[in-house]
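Colleague: I have some questions about a ligand site and the local geometry around a fold. Can you take me through them?

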Amino acid sequence: MATGIPKNNWNGIKPLPNGCTGTGGGKTDVHVVYEGKKDEQEIFETKPAQCRLLWSKRCETTEPNRLYFGDNLAVLAALAKAPQVRGQVRLVYIDPPYATRSVFQSRKQTDAYVDLLEGAHYLEFLRERLILLRELLADDGSIYVHLDDKMAFIVKAVMDEVFGRANFRNWITRKKCNPKNYTRNVYGNVSDFILFYTKTADYVWHRPVDAWTEQRACKEYSYAEPGTGRRFKKVPVHAPGVRNGETGKPWRGKNPPPGKHWQYPPKTLDAMDARGEIFWSSNGNPRRKIYLDSSAGVPIQDIWLDFRDAHNQNIKISGYPTEKNSSLISRIIEASSDRGDLVLDCFAGSGTTMAVASHLGRRWIGVDNSVEAIQTTLRRFAKGLEPMGDFVNKEEPGEAEASIEATLPLFDTPTPLRVEGPDIAQHTPITALGLFAQEPYQGELDAVVDQWKDWIGPPVSVREKSAAYSVKRNSKKLLAKRSPRIVAKATRSLAAVPLR
Ligand SMILES: C[S@@+](CC[C@H](N)C(=O)[O-])C[C@H]1O[C@@H](n2cnc3c(N)ncnc32)[C@H](O)[C@@H]1O
C-alpha cells in the first residue's frame, strides 16, 4: 500500500503561495455560494422561542431532560441563551429531512412529517441550525449529521465552513437496508452517510471496537511469545519520510530503510527492546510487537454494515417513518460522550436518540415539530417499542408485500446485525423529563399529554413531594386544600425559568 509523506513542496517547488497550507484556514478555504445565504450574525439574531411547560417530572440526575414541540431553529436560539446549555452539549446527533420531496407517514398511515425543501432552501435551512448547534456544543463536543446521497456532498462543504475543515473527522458509510430488487438500470442504493465533526481538536473519544473472535485473533496475532505464550503481531518500527534528527540516524548500527525514519528515538527503542517488545528477524531487522492482550478489540472503521434499520417482522420499532436503528445511535453516543453528558437531537422523530441516551446514562434535549413525533416519543418512553410485525399485521392485506424490506433478504453479508438496542432488550420507562411547547401553543398536544398521563400516572416532582410531605405533617385536611396551589406554583416556576 502506498503511503504519502506529508510535505508542502516537491523538489523545492511550492504549489501554493506562501501562507496557504491547503489544509483549511486561510486563502485556500472553499466557500459554498448560493442565493439566500445569510450572514452568521443574522442567524444569531433568530427570535428565540417562548416555550410553555406542558408536563414535567423533575429529577436532579437527569435534569435537564427536555422534549420540545416546536420549530428547532427558534428552540435552538432559545437554548443558545440558556447558560446551562450553551457550550455544554457534548454530543449532537441529527437525522434531518434529506430533501426527498416527500411526505412521510407512520405505519398507522398518519402524516408524520414533510420533506419538501430543496437545493439552496434546504441547504440554508440546515446551515442555520448547524451554526446554532455549534454555539451549543462544548469545546470537546462532537456532531454527527445523518444524510443520504442527495445532499451529503454539499452539506459536507457547508459543514467544513461552519465547523472548520480541520475538525472533520469521518464520512461514515452505513448499510441501511437489504439489497433492493431494482428495476432501474442503476446499482442498488443501500447506503446512507453520517458526517462526523468535532468542535475542536480536543474532543471526547472512546474508540469503539468489535470484540475479537478466536478465529480473527489467531489470524491477525499469529505469533506466540516463547516463555509467556502471549499472542502478538509484528509491525514496522519505521515510518515514511527522511529525518535529519536522531530518528534518522542508525540505531544499533542499522540505518532506517531508504526514505524512512525510526518511529522512536534510540532511547525509547532501547527501552522497548529491554522490555522484550522488539522482535529481531533472523537477518537482524527490528519489528515492534503488538500484543493481543493489550488490544480491546478490532477498531471500528468508517463503513458500518451491521446497523440496518428495521428489516424483519420481529425487530421492535416505534412505527415512525425513517426511525433509526437504536444500536447505531448507541455506538455514536458511547464513542463521543460520557455518562452524565448532555446529548441533543433537534430532529428527534420517534425519540431514538433520547431513549438510547437515557439508557446509557446521558442527559438529553430533543426537539421536533411534529405531533406524531412527540406522541411516538412519549409512547416509546412509556411503553417501549413493538415488533414490526404488529404494525404490518395491522395494514390492509397486500400492503406488506409491497415492500421488499419487509421480506427476507435476497442476498446478504454474513455480518452479524445489531438490532437489539439497549431499549429493546429490556424496556425501562423514561419519565423524568420536561415536555415543552413553543408559543403560540394551540392545544395540539393536549390529547397526547392526556394519553401520556394515563400511561405513566401524574408527575411527582421532588419539590411537590417535599411540599406535600411537610403539609401532610400538619394536617391531611389542609393538604387537600393547599396541594393544587403548591403544584400550580411549582409548575409555573419551572415554566418561567428557561432551563433548570
Ligand atoms: C428523519 S426524521 C428523524 C427520525 C429520527 N432519527 C428517528 O430515529 O426517529 C426527521 C424529523 O425532523 C423533524 N423536523 C423537520 N423539520 C423540523 C423543524 N424545523 N423543527 C423541528 N423538527 C423538524 C420531522 O418532524 C421529523 O420527525
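Modeller: Short questions and answers follow, on a model that is predicted.

Colleague: How many residues surround the ligand, and which are the closest?

Modeller: The closest are Asp71, Tyr320, Ser350, Thr352 and Asp368. They belong to a shell whose total is 21 residues.

Colleague: How many nonpolar, polar and charged residues does the shell around the ligand have?

Modeller: The shell is mixed in class. Its charged residues number six. The other classes are seven nonpolar and eight polar.

Colleague: How far is a nitrogen atom of the ligand from an N or O atom in the side chain of Asp95?

Modeller: A polar contact needs a pair of N or O atoms within 3.5 Å. The ligand nitrogen and the Asp95 side-chain atom meet that cut-off. Their distance is 2.8 Å.

Colleague: Which residues have a polar side-chain atom 2.6 Å from an oxygen atom of the ligand?

Modeller: One is Tyr320, through a polar side-chain atom. Another offers an N or O atom of its side chain at 2.6 Å from a ligand oxygen. The names are Tyr320 and Thr352.

Colleague: What share of the ligand's area does the protein bury?

Modeller: Taken alone, the ligand exposes 610 Å². The protein buries 96% of that.

Colleague: Are helix 7 and helix 8 parallel or oblique to each other?

Modeller: Helix 7 covers residues 326-336 and helix 8 covers residues 352-359. Their axes are 9 Å apart, at an angle of about 60°. The crossing is right-handed. Helix 7 and helix 8 are therefore oblique.

Colleague: Why do helix 2 and helix 3 count as roughly parallel?

Modeller: Helix 2 spans residues 72-79 and helix 3 spans residues 119-136. Their axes come within 10 Å, and the crossing is left-handed. Angles under 35 degrees count as roughly parallel. Helix 2 and helix 3 are therefore roughly parallel, crossing at roughly 25°.

Colleague: Which residues does a cis peptide bond join?

Modeller: Most peptide bonds are trans. Here omega is about 0°. Pro440 sits in the loop between strand 22 (434-438) and helix 12 (446-456). The cis bond joins Glu439 and Pro440.

Colleague: What is phi of Ala99?

Modeller: Most residues other than glycine have a negative phi. Ala99, in the loop between strand 3 (89-94) and strand 4 (102-105), has a positive value. Its phi is near 65°.

Notes: Residues numbered from 1 in each chain as written. Predicted model: local features only at pLDDT ≥ 70, side-chain atom pairs only at ≥ 80, totals over all residues. Heavy atoms only, no water. Near = heavy atom within 4 Å. Polar contact = N/O pair within 3.5 Å; in protein donor to acceptor, adjacent residues only side chain to side chain. Areas by Shrake-Rupley, 256 points an atom, 1.4 Å probe, with all protein chains shown as cover. Nonpolar A, V, L, I, M, F, W, Y, C, P; charged D, E, K, R; others polar. Axes fitted to C-alpha atoms, helices over the stretch in contact; angles between N-to-C directions. Helix = DSSP H or I, 4+ residues; strand = E, 2+ residues; numbered from the N terminus. Parallel < 35°, antiparallel > 145°, perpendicular 65-115°, else oblique. Left-handed = near helix turned anticlockwise from the far one by under 90°.
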